[in-house]
Amino acid sequence: MTDLPEPLRSPVHVAPMAGGPSTPALVVAAARAGHFAQLAAGYRTPDDLAAQIAEVRTGTDRFGVNLFAPNPVPIDPADYERYRASLGVEGLPDQREDDDAWTDKVALLLDDPVPVVSFTFGLPDADLVWEFRKRETITMQSVTNRAEALAAAERGVDVLVVQGEAAGGHSAVLDPASAPVWEPLPDLVRAIRHAVELPVIAAGGIGSAADVEAVRMAGADAAMVGTLVLRTHEAGTGQTHRDALVDPVFDRTALTRAFTGRPARALVNRFVREHEDAPLGYPALHHLTRPIRTAAAAAGDAQSLHLWAGRSWRAAADAPLADVLEALLT
C-alpha cells in the first residue's frame, strides 16, 4: 500500500464541486481544520480561477485545483434541436461545443503551480502529467472502475479518487454512454486496490463516520465528501438548492442526463421526471439548459433546478464545515 503524499494526508477530503459550492472560504476552512479541499475550475474562466487561487493562498498553502479534462460527447444537430424544442422555452441558445478553456487553465497551472491538480471526465496525457510532476504538483484522477484505474495509472498520476455510483453531481465515468455500475463503495475500493498500486481516496455517498470507517477498512487512504458539505456555512451552494436538501417533497435521487447531457445524480424533481430520455451531449446540453437553471435559481424554483445530491443527502447539515468534518472522525 502506498501512502498519500503531503499535503493529502488527511482522513477526510472535500470534493471539488463546480458551479458555486467550492468557494475559497470552503477550501481554506477545510485546511484550517486539518483536512484537504480543492477549488473547482469547471465552468470558470481562467481569470476567475486565478483570482480564486490567489484568494486561497492568503489563507493556506494546502489546497488543490480540479480540472474537467476534455472528453466531449458530441450530439447530432438534429437531436440537439429536438431536445431544445422539448424544453418548451423560447430563446434557448444554439448548439455550442467547447473544452472549458482547457488549454488556458492548464497553462495557468503550469506557469503558477499549485500543490495538487486533479482531473475529472477525461484522462490527461502522460506528457502533461510529467510536466506537472516536474513542477512538484501532485496529480489525482477520478475513476469509477478497475479499467479506468488501470488507464489512469498508465498515464502516471499520483493518486486515484475512486468514485462510487452513489456520488452526487456528475459521475466521473470516462464513457458517459455507460452509466456507473452500482457496487458498494468498499467493494470497489478493494477491487481497485488489488489492481493498482496507487493511493486511493474513496468518494460517493459518504455521510457518516461509519461510512468513512468502512472505506478505510477496505483499503482507502482517505474518504471524500461532497453532498455532505453543501449546506455548510462556507459553501457557495444556492439557497434553493440548500432548501431542497431538507425538503420532504424530494424523497429520492436518480442519475439523469437531463441538465447537462452527462450522467449526474440529482434529487428527482419535475425537470428530471419530464426528461428521462434526454440524449447524451456534453457540453452542448449543459449550455442549452443553463438559462433555464439560472432562471430557476433566481426564482426559487426547485422543480427546474439541477439539485445535485448523492444518496446520503439527508445527512447534509447547516453547520460550520469544521464541525461537519469533525463528526466524520468520531
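These legends describe several views of one predicted model.

**View 1. The whole chain, with its 12 helices and 11 strands.**
The C-alpha atoms fill a box of roughly 50 × 45 × 40 Å along the principal axes. A compact globule of 330 residues would have a radius of gyration near 20 Å, and the chain has 19 Å, which agrees. Of the 330 residues, 56% count as buried. The chain exposes about 13,500 Å², and carbon and sulfur atoms supply 49% of that area. Among contacts with a separation of 6 or more, 69% are between residues 24 or more positions apart.

**View 2. The largest nonpolar core, made of 70 residues.**
The members that touch the most other members are Val14, Val65, Leu67, Leu160 and Leu325. Helix α1 (residues 24-32) gives the most to this core, with 5 residues. Another core, of 19 residues, lies apart from it. Ala254, Ala258, Ala284 and Leu288 are among the residues of that other core.

**View 3. Valine 14 and its contacts.**
This view leaves aside the neighbours of valine 14 within four places in sequence. Its remaining contacts include Leu26, Ala30, Phe36, Ala37 and Gln38. Met224, Val225, Val229, Leu321 and Leu325 are also in contact with valine 14. Both Val14 and Leu325 are among the core residues that touch the most other members.

**View 4. Strand β5 (residues 138-143), enclosed by the rest of the structure.**
Is this strand buried or exposed? Of its 6 residues, 6 are buried, so β5 is largely enclosed by the rest of the structure. In a regular strand the side chains alternate between the two faces of the sheet. In β5, Ile138, Met140 and Ser142 point one way. Thr139, Gln141 and Val143 point the other way, and all of these residues are buried.

**View 5. Strand β5 with its partners β4 and β6.**
Strand β4 (residues 116-120) runs parallel to β5 and is joined to it by 4 bridges. Serine 118 stands opposite methionine 140 in β5. From β4 the chain crosses through helix α5 (residues 126-134) to β5, in a right-handed β-α-β crossover. Strand β6 (residues 159-163) also runs parallel to β5, and 4 bridges join the two. Here methionine 140 stands opposite valine 159 in β6. Helix α6 (residues 146-155) completes a right-handed β-α-β unit with β5 and β6.

**View 6. An open sheet of 3 strands, in the order β7-β11-β10.**
The strands of this sheet pair in antiparallel fashion. Its edge strands are β7 (169-170) and β10 (253-256), each of which pairs on one side only. Strand β11 (residues 264-267) is joined to β10 by 4 bridges. Threonine 253 has leucine 267 in β11 as its bridge partner.

**View 7. Histidine 275 in the loop between two helices.**
Where is histidine 275 found? The loop that holds histidine 275 lies between α10 (270-274) and α11 (284-299). Buried means under 20% relative accessible area. Histidine 275 has a relative accessible area of 10%, so it is buried. Leaving aside neighbours within four places in sequence, histidine 275 is in contact with Tyr83, Ser86, Leu87 and Ala258. Of these contacts, Ala258 is also listed in the core of 19 residues.

Conventions: Residues numbered from 1 in each chain as written. Predicted model: local features only at pLDDT ≥ 70, side-chain atom pairs only at ≥ 80, totals over all residues. Heavy atoms only, no water. Core = buried A, V, L, I, M, F, W, Y, C linked by side-chain atoms within 4.5 Å. Buried < 20%, exposed > 50% of the residue type's maximum accessible area, 1.4 Å probe, protein only. Contact = heavy atoms within 4.5 Å. Pairing = 2+ DSSP bridges. Right-handed = clockwise from strand over helix to strand, strands pointing away. Rg over C-alpha atoms; globule rule 2.2 N^0.38 Å. Areas by Shrake-Rupley, 256 points an atom, 1.4 Å probe, with all protein chains shown as cover.
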